[in-house]
Amino acid sequence: MAADDPALADFPERAPGTRRWCFADQLGPHFLDDPHQEVLLVESRAVFRRRRFHRQKAHLLLSALRHRAAELGDQARFLQTTTYAEALDAVDEPVSVCAPTTWPARDFVLARDGVQVLASRGFVTDEQTFRRWATGRGTDGGKRLLMDDFYRAARQHHDVLMEGSEPTGGKYNFDHDNREPPPKDGASPAPEPWIPAEDEIDEQVRADLDRWEADGDVSFVGDDGPRLFPVTRRETLHRLRDFLAHRLAAFGPHEDAMLADEPWLAHSLLSAPMNLGLVDPAEVVQRAEQAYRDEGLPLNSVEGFVRQVMGWRDYIWHLYWHLGREYRHGNALDAHAEVPAWMAELDTADLDAACLSGVVGDLRSRGWVHHIPRLMVLGNYALQRGIEPLAMTDWMHRTFVDAYDWVMVPNVVGMSQHADGGVLATKPYAAGGAYIDRMSDYCGGCRYDPKKRLGEDACPFTAGYWGFLDRVEDTLAGNRRMAQPLAGLRRLKDREAVVEQEQQRGTDPY
């Protein structure tokens with residue numbers, strides 16, 4: 001990381017008297033200095049021309065932006081242009097903007113005359129506080145940049161779930177209580193989530209997207225469908241209240257579980273509106289803690305949710321900047337396969353593996369699956385099959401409704417694909433079919449057997465796991481946490497046959 005990079009400067013907090021330019025992921029009132037500040041909103045068509053997004057992601061972004069413009073009325077100047085530069089050329093007054101969430105966007109605003117860049121907002125821990133915590137970590141002889149250490153420090157700093165100097169319940173992390181498989185009866189552990197109703201703005205967005213696509217101006221992947229995620233602060237707070245009242249209590253135990261016919265389980269479905277900036281995550285954390293103290297909700301569920309919001313989400317955001325511009329190009333495991341066509345197109349027609357077919361189908365239908373299908377099905381598959389990490393990062397960025405560059409670079413390059421060589425995770429998140437069988441109901445009706453690694457009914461994840469270990473054996477030989485799996489690989493009597501089988505499979509549909 002270059003300490004003198006202008007994109008990492010300590011920007012001022014406020015810019016009184018300026019019109020506030022709010023990007024489409026800065027749509028909440030906490031991005032303004034006062035409720036009556038004049039606002040600039042820009043809808044750029046070029047954003048959708050550069051990448052092939054999921055249709056529902058494009059709808060969500062445009063709907064949120066246009067709803068914010070309608071809410072603000074005369075307080076906002078709403079420009080619909082081809083590019084951001086074209087919009088700013090039409091503005092002849094001082095403009096301020098909270099530091100954007102990606103390297104390219106920060107570079108753009110820093111290069112524009114007449115645009116004052118302010119400190120970033122929308123995260124619980126600010127950038128200066130993180131830099132103080134991270135100083136000296138992640139270097140030779142220094143402490144590792146562990147999420148758990150950051151989370152503890154953040155809990156203490158912000159006095160969240162604390163009883164004086166001690167964590168509520170006597171410990172910071174209740175994750176050991178939150179790794180249960182799905183309910184044996186296959187039923188969701190919580191009521192259905194509240195889903196917002198579409199309105200006339202959504203109708204216009206859909207008509208515009210249809211027209212742009214018919215004109216050949218843009219192209220999308222995935223199904224169109226009713227909007228599933230909030231696009232206003234009011235809708236976001238409704239979903240938050242619904243989650244706290246009806247779903248948070250059940251969140252913890254089964255947060256890592258997967259059910260083929262229950263995509264939501266007890267998840268909050270707040271990642272998309274939080275990443276649009278519709279609600280301050282500090283407010284989300286405060287309300288969750290208040291629900292624990294007022295309603296007596298289970299501490300393991302509340303702590304698990306708080307850890308996702310002010311722990312993992314903040315940690316990923318800060319690592320995006322701390323690890324620097326070149327981090328995205330990491331490829332420590334030398335993976336170079338292309339994203340296969342069936343994955344790129346979200347096409348399940350030839351997918352026989354029930355978990356892959358189910359997750360890809362859910363992603364096509366909704367633009368969303370929760371963190372375990374992302375990590376342990378899609379990410380695990382890409383890791384085993386050697387798909388190029390940066391290509392996988394781009395695919396996930398375009399395909400998930402809640403994905404942004406800052407979200408996906410550390411999550412995919414570091415967490416999912418171990419392409420950073422162990423900076424973010426101490427070992428690869430590779431697992432065989434036994435994990436998916438234990439944590440889901442996919443395997444019962446699948447043509448593949450999670451216990452088999454060789455033959456026509458060999459599970460592609462079980463066999464793929466051993467093929468992966470064979471491919472990376474030399475690279476990971478010095479990793480102490482991989483010593484046992486690699487020893488098991490060396491004892492495998494049918495290793496050569498399994499490796500040959502998986503090399504023939506490659507990334508073709510099963």
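Is Glu 198 buried, partly exposed or exposed? I start there and work outward through the model, which is a predicted one. Glu 198 has a relative accessible area of 30%, so it is partly exposed.

Its partner is Arg 206. The two form a salt bridge, and their closest N and O atoms are 2.8 Å apart. Arg 206 is on the other side of the cut-off: its relative accessibility is 18%, so it counts as buried, given that buried means under 20%. This pair does not stand alone. Glu 198 and Arg 206 belong to a network of salt bridges that also links Arg 55, Asp 210, Glu 213 and Asp 224. Over the whole structure, the search finds 46 salt bridges.

I will show two others, each within a helix. The first is in helix 11, residues 281-295, where Arg 287 and Glu 283 sit four residues apart, about one turn of the helix. They form a salt bridge, with 3.0 Å between the closest N and O atoms. Arg 287 is partly exposed because its relative accessibility is 25%, while Glu 283 is buried at 18%.

The second is in helix 14, which covers residues 354-366. Here Arg 366 and Asp 362 are again four residues apart, about one turn of the helix. Their side chains meet in a salt bridge of 3.0 Å, N to O. Arg 366 has 21% relative accessibility and so counts as partly exposed. Asp 362, with a relative accessible area of 13%, is buried.

Next, the sheet. In what order do the strands of the open sheet come? There are five strands, in the order 3-2-1-4-5, and the pairing is parallel. Strand 3, residues 76-81, and strand 5, residues 115-118, are the edge strands; each has a single partner, so one side of each is left without a neighbour in the sheet. From one strand to the next, the twist averages 30°.

Looking at one edge more closely, strand 2, residues 39-44, runs parallel to strand 3 and is joined to it by six bridges. In that pairing, Val 42 stands opposite Leu 79 of strand 3. Helix 2, residues 55-72, lies across strand 2 and strand 3 and runs at about 150° to strand 2. Arg 55, from the salt-bridge network, falls at the start of that residue range.

Now a helix pair. Two packed helices are described by the angle and the distance between their axes. For helix 19, residues 460-472, and helix 21, residues 495-505, the axes come within 9 Å and cross at roughly 105°. The two helices are therefore roughly perpendicular to each other. On the helix 19 side, the contact is made by Pro 460, Ala 463, Gly 464, Trp 466 and Asp 470. On the helix 21 side, the residues are Arg 495, Val 498, Val 499, Gln 501, Glu 502 and Arg 505. By class, that contact has five nonpolar, two polar and four charged residues.

Staying with helix 19, which residues does Arg 471 contact, leaving aside its neighbours within four places in sequence? Arg 471, which has its place in helix 19, is in contact with Leu 333, Asp 334, Ala 335, Leu 383, Gln 384 and Gly 386. The C-alpha atom of Arg 471 is 9.7 Å from that of Arg 385, although the two residues are 86 apart along the chain. With 35% relative accessibility, Arg 471 counts as partly exposed.

The last item is backbone geometry. Most residues other than glycine have a negative phi. Where does Leu 161, with a positive phi, lie? Leu 161 is in the loop between helix 6, residues 147-158, and strand 6, residues 162-163. Its phi is near 50°. Leu 161 is buried, as its relative accessible area is 1%.

His 418 is another residue with a positive phi, near 50°. His 418 lies in the loop between helix 17, residues 405-416, and helix 18, residues 433-439. At 2% relative accessibility, His 418 counts as buried.

That is the end of the tour.

Note on methods: Residues numbered from 1 in each chain as written. Predicted model: local features only at pLDDT ≥ 70, side-chain atom pairs only at ≥ 80, totals over all residues. Heavy atoms only, no water. Axes fitted to C-alpha atoms, helices over the stretch in contact; angles between N-to-C directions. Parallel < 35°, antiparallel > 145°, perpendicular 65-115°, else oblique. Contact = heavy atoms within 4.5 Å. Nonpolar A, V, L, I, M, F, W, Y, C, P; charged D, E, K, R; others polar. Salt bridge = Lys/Arg side-chain N within 4 Å of Asp/Glu carboxyl O. Buried < 20%, exposed > 50% of the residue type's maximum accessible area, 1.4 Å probe, protein only. Pairing = 2+ DSSP bridges.
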